[in-house]
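I am opening my notebook to record, step by step, what I looked up in this structure. I begin with the place where the chains meet and then turn to single parts.

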Amino acid sequence: MASNPDSQELVSWPPPRSCPFQPPPPYKELRDRDPLSRVRLNDGTVAWLITRHAYTRQLLTDSRLSSDRTHPDYPELAPGQKTVNTQGFLSWLDGEEHASHRRLAIGDFTLHRLAQMRPRIQEITDNAIGNMLEQEPPVDLVRALSLPVPSLVICELLGVPYEERRFFQERTVVITDRYRSGQDRLTSAAELRSYLGGLVAIKEREPADDMISHLIAKYRKVGTYDPGHTAGLALQILLAGHETTANMISLGTVAMLQNPALLAEMLSSPEATRLAVEELLRYCSVSDLPTTRVALADITIGGHTIKAGEGVCLPTSAANWDPEVFEHPERLDFSRDARQHVAFGYGAHQCLGQNLTRLELSIVYPALFTSVPTLRLAVPFEELPFKEEGNITYGLHEVQVAW
Amino acid sequence: VTARRTAGQVIRVAVEARRCLGAGQCALTVPEVFRQNDDGISVVEDPEPPAELIEALLLASDICPARAVSVRMEPSLDPQEG
């Protein structure tokens, strides 16, 4: 991409957060000046940064913006992003090709289907809390609760046999571990892909009532079954739904420990919990960075023209803190119905597992705080290790708690 | 005048199944009117819902990521309305 003559004055993207529970400060400054701004990426290229909720939603439903991360002009978050094996990844596809795969997967995420999973998710959560309470505090909440719950829920969803869940969980932890090298994380992802490939082969012969079996049957019915693609789709569901949900569990727990009045409000009724979950999703916006696109044609919006071949960054925390839609966005306010947030993205790629995440969070928060009413941070808030640069999703590496 | 009508108007709700991508936001927001079928596609259970649901219906239409939900106010064709 051509370099911009003004690029030396441009904000670098992604910028760091200065306050752990607020988006990076430049988002507000840029929104006030011009909600369509130019920013400079790590590799020096210039891209558009969108900081207004209305523009973010408009652009994320515009078919002239592509999600194809292999496109030469795609705005790259991290070096090597384009070399990952992404066969089967829905978020890399556009248009009808994307829709044809997504439609086969959504049957396993319907509200009816999720309601059937509720008792198992409750059981998984209660077991994790029970195991945590058997340990001598302080305990790392991330390892004890935030990571195991979504990992086991995804095992349940995909149909990973009980005896293989340890293998599965160990690798899902490595993928999120800041002390492991990029190579270790890639190796773990590759091992999981290979494992899921084996699982797909088993489900071909012995189908059960799980997502992988359902996908095989549906792909066969329409005549497009490809085992490698099915394993890749399963891997993406794991990668998309694991660390993100874990981050929400950790951040939401810390936010509640800092706000006892809000915690009481959250626990007051199922509807209050629903509102709290929605507001926490908006407020934390953990999946802030992956909403990027590349323009395939010129797009005129907000007095600017995004030219074909230009990258577009649409961080969810910028849209979710737009005061035009969320008055006093810096206030964690459970009395607002925050459903217009774009914490799960917007448009055709909006998170496939969003309602599963809502269900998990609405189970985990009340279960934790009612089972462990004396829960507290075992370290000062200021010392909590928030995920800063180098992470695709925002969250906490570790939360030492006691009770 | 029944609860379905306001000043001779009727609410008409539709989901464009071809566009629907199964996010389930409409069924989550107004379960009285929308339901996800087993394939994840939203169907309208009550195409002329009562007026008191209008705000929730407009929200459902607004947050649909596939822009597949339409909510319109139309003049009632019911002759009894006068």
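**Entry 1: the contact between the chains.** I first asked how many residues each chain brings to the contact, and I found 21 residues from chain A and 24 residues from chain B. I note here that I am working with a predicted model, and I keep that in mind for every entry. When I looked up the area buried between chain A and chain B, I read about 1,800 Å², with carbon and sulfur atoms giving 49% of that area.

**Entry 2: charged and polar pairs.** Next I looked for salt bridges across the interface of chain A and chain B, and the rule finds 1. I wanted to know which residues form a salt bridge, and I found A:R57 paired with B:D62, where the closest N and O atoms are 2.7 Å apart. I then looked up polar contacts across the interface of chain A and chain B, and I wrote down 14 residue pairs, both residues of a pair being at pLDDT 80 or more.

**Entry 3: the side of chain A that touches chain B.** I asked which helices of chain A supply at least two residues each to this side, and my list reads α2 (53–60), α3 (95–105), α4 (111–134) and α14 (354–371). Sorting the residues of this side by class, I get 6 nonpolar, 10 polar and 5 charged residues.

**Entry 4: helix α2 of chain A.** I went back to α2(A) and asked how much of this helix is covered; I found that it is mostly covered, with 6 of its 8 residues buried. The buried residues I noted in α2(A) are A:H53, A:Y55, A:T56, A:R57, A:L59 and A:L60. A:R57 is thus on my list of buried residues, and A:R57 is also the partner of B:D62 in the salt bridge.

**Entry 5: one residue of α4.** I then picked A:P119, which has its place in helix α4 of chain A. Is A:P119 buried or exposed? I count A:P119 as exposed because its relative accessibility is 53%, and the cut-off for exposed is over 50%. I also looked up A:P119 together with A:R69, and these two are 50 residues apart in sequence and 38 Å apart in space, taken from C-alpha to C-alpha.

**Entry 6: chain B by itself.** I counted the elements of chain B and found 2 helices and 5 strands, which follow the pattern β-β-α-β-β-α-β when I read along the sequence. Of the 82 residues of chain B, 45% count as buried. Finally, for the accessible surface of chain B I noted about 4,300 Å², of which 52% belongs to carbon and sulfur atoms.

Conventions. Residues are numbered from 1 along each chain as its sequence is written. Chains are lettered from A and ligands numbered from 1 in the order in which they are written. This is a predicted model: local features need pLDDT of at least 70, side-chain atom pairs count only at pLDDT 80 or more; totals for chains, interfaces and linings use all residues. Side-chain values use heavy atoms; hydrogens and water are left out. Contact means heavy atoms within 4.5 Å. Buried area is the accessible area (1.4 Å probe) that two parts lose on being put together, summed over both. A salt bridge is a side-chain nitrogen of Lys or Arg within 4 Å of a carboxyl oxygen of Asp or Glu. A polar contact is a pair of N or O atoms within 3.5 Å; within protein, one must be able to donate a hydrogen and the other to accept it, and residues adjacent in sequence count only if both atoms are side-chain atoms. Helices (H or I, at least four residues) and strands (E, at least two) are DSSP runs, numbered from the N terminus. Ala, Val, Leu, Ile, Met, Phe, Trp, Tyr, Cys and Pro count as nonpolar, Asp, Glu, Lys and Arg as charged, and the others, Gly among them, as polar. Buried means under 20% relative accessible area, exposed over 50%, partly exposed in between (1.4 Å probe, protein chains only). Accessible areas come from the Shrake-Rupley method with a 1.4 Å probe; for residues, only the protein chains shown count as cover.
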